[in-house]
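Welcome, and thanks for opening the viewer. Please load the model, switch on a cartoon view, and keep the selection tool at hand for the stops below.

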Amino acid sequence: MMEDLAYKLVAVTEAAALAAYKLAGFGDEKRADQVAVDAMRTVLNSMEINGTIVIGEGERDEAPMLYIGEKVGTGNGPEIDIAVDPLEGTTICAHYKSGAMSVLAATKKGNFLHAPDVYMEKIAVGKNLPEGVVSLKNSIEKNLDNLAKAKKCKVNDLVVTVLKRERHGELIEKIRKLGAKIKLIDDGDVAAIVSLVNGNHDMYIGIGGAPEGVLAAAALSSIDGQMEGRLVLDTDQLRERAKNLNIDDPEKVYAVKDMARGESVFIATGVTSGELVDGVKLNHNTYSTNSLIILPNRLIKLQTMQNLC
């Protein structure tokens, strides 16, 4: 079922990526996000599925969004839960930088963590590593030591990816003092986490969006990666929002299996070329879109051609 569903759902991210690409480089984040949302919603609603958006974006930053609880599809067909980020890397797209994509994950009803659109502390590593090699419960020093031992290398051989944000200043300083290399990214932590499977870096750590955390977990669950997340619920309002989604323990640390509890499909279609997937390309009278589909123990690369219109 998941593979058949994946090939249908790739049309959703392709449409959103193509719509966003047409506004790449124009400096208008909100408009690029809006056209991606509109394109994604239109294609989802044309599909023979009974879908519910359980992870959406927009509450935190007042951006355009497919909202949590929104029903999509014709109402006929499989009952599925869907996590989306129509334009992962809005700033990247607006400034035509590398790595903007449209992202979607889907699973059977009830399998995704219903996380509110808040921030999440995250730590993630790739595949073929001992279970629990890193954890949010450990110090950064212990995590780097454990990871270096597991990879049979020195700490100063490790490359750690961190979002370039003021809130990460102290963390960045600590990592550098411990001797590890830091790869700073401007945006797009879904791509950064999922690309751990390529071995281009060794660990991701920092605070980013909870919706992106669940999307990344859906991919890692299929490729034997590890990740932990803890929601940042530091106000009464945020704790109340979480409680409305049946999250009663604000300190709970979620593993991949807590965020994506069953088989799922993860799809990313590039808007601008990045580490994970190539972007939209224009050739004469056609656009080509490039997508990555992640299924349990399978990675599929797909290119689709569309006439210019």
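In which sense do strand S4 and S11 pair, and over how many bridges? Select residues 101–108 for strand S4 and add S11: the two pair in the antiparallel sense, over seven bridges. Before moving on, please keep in mind that this is a predicted model.

**Stop 1: strand S11 and its partners**

For a landmark on this pairing, pick Ser102, which stands opposite Thr269 in S11. Now add residues 286–295, strand S13, which pairs with S11 in the antiparallel sense over four bridges. Here the landmark is Ala268, opposite Leu292 in S13.

Next, colour S11 by accessibility. Seven of its seven residues are buried. Turn the strand to look at each face: Ser264, Phe266, Ala268 and Gly270 are buried on one side, and Val265, Ile267 and Thr269 are buried on the other.

**Stop 2: a cluster of tyrosine rings**

Stay with S13 for a moment and show the side chains of Tyr21, Tyr96 and Tyr287, which ring pairs link into a cluster. The structure holds two aromatic pairs. In one of them, Tyr21 and Tyr96 meet edge-to-face, with 6.2 Å from centre to centre and 70° between the planes. Tyr21 belongs to helix H1 (residues 2–21) and Tyr96 to the loop between helix H3 (90–94) and S4, so this pair ties together parts that are 75 residues apart in sequence.

Now swing round to Tyr21 and Tyr287. Their ring centres are 6.1 Å apart and their planes stand at 80°, so this pair is edge-to-face. With Tyr21 in helix H1 and Tyr287 in strand S13, the pair ties together parts that are 266 residues apart in sequence.

Which of these tyrosines are buried, and which is partly exposed? Tyr21 is buried at 16% relative accessible area, and Tyr287 is buried at 10%, whereas Tyr96 is partly exposed at 45%.

**Stop 3: the six-stranded sheet**

Hide the rings and bring up the open sheet of six strands, whose order is S7-S6-S8-S5-S9-S10, with mixed pairing. Its edge strands are strand S7 (181–185) and strand S10 (254–255), and each of these pairs on one side only.

Within the sheet, select S5 (residues 119–125) and S8 (residues 203–209), which pair in the antiparallel sense over seven bridges. Tyr119 is a handy marker here, standing opposite Gly209 in S8. Then add helix H4 (residues 140–150): this helix packs on the sheet and touches S5, strand S6 (159–163) and S8. The direction of H4 makes about 140° with that of S8.

Return to Tyr119 and show Arg167 as well. The charged end of Arg167 sits over the ring of Tyr119, 4.9 Å from the ring centre.

Another neighbour of Tyr119 is worth a click: Arg230, which touches Tyr119 and is found in strand S9 (residues 226–231). Other residues in contact with Arg230 include Met120, Glu121, Leu136 and Pro250. Arg230 is buried, with a relative accessible area of 16%.

**Stop 4: salt bridges**

Side chains of opposite charge can pair when their charged atoms come close. A search of the whole structure finds 11 salt bridges, and three of them make good stops.

Begin with Arg41 and Glu70, whose closest N and O atoms are 2.7 Å apart. This pair links distant parts of the chain: Arg41 is in helix H2 (residues 29–45), and Glu70, 29 residues away, is in the loop between strand S1 (50–55) and strand S2 (71–72). Arg41 is partly exposed at 23%, while Glu70 is buried at 6%.

Now go to Lys183 and Glu275, which meet in a salt bridge at 2.1 Å, N to O. Lys183 is in strand S7 and Glu275 in the loop between strand S11 (264–270) and strand S12 (281–283), so the pair ties together parts that are 92 residues apart in sequence. Glu275 is partly exposed at 39%, and Lys183 is partly exposed at 27%.

Finish at helix H8 (residues 236–243), where Asp236 and Arg239 lie three residues apart, about one turn of the helix. They form a salt bridge with 2.7 Å between the closest N and O atoms. Asp236 is exposed at 60%, whereas Arg239 is partly exposed at 34%.

How values were computed. Residues are numbered from 1 along each chain as its sequence is written. Side-chain values use heavy atoms; hydrogens and water are left out. Buried means under 20% relative accessible area, exposed over 50%, partly exposed in between (1.4 Å probe, protein chains only). Contact means heavy atoms within 4.5 Å. Two strands pair if DSSP finds at least two bridges between them. Axes are lines fitted to C-alpha atoms, for helices over the stretch in contact, and angles run from 0 to 180 degrees between N-to-C directions. A salt bridge is a side-chain nitrogen of Lys or Arg within 4 Å of a carboxyl oxygen of Asp or Glu. Rings of Phe, Tyr and Trp (its six-membered ring) pair if their centres lie within 6.5 Å; planes under 30 degrees apart count as stacked, over 60 as edge-to-face and the rest as tilted. A charge sits over a ring if NZ of Lys or CZ of Arg is within 6 Å of the ring centre and within 35 degrees of the ring normal. Lists of a residue's contacts leave out its neighbours within four places in sequence.
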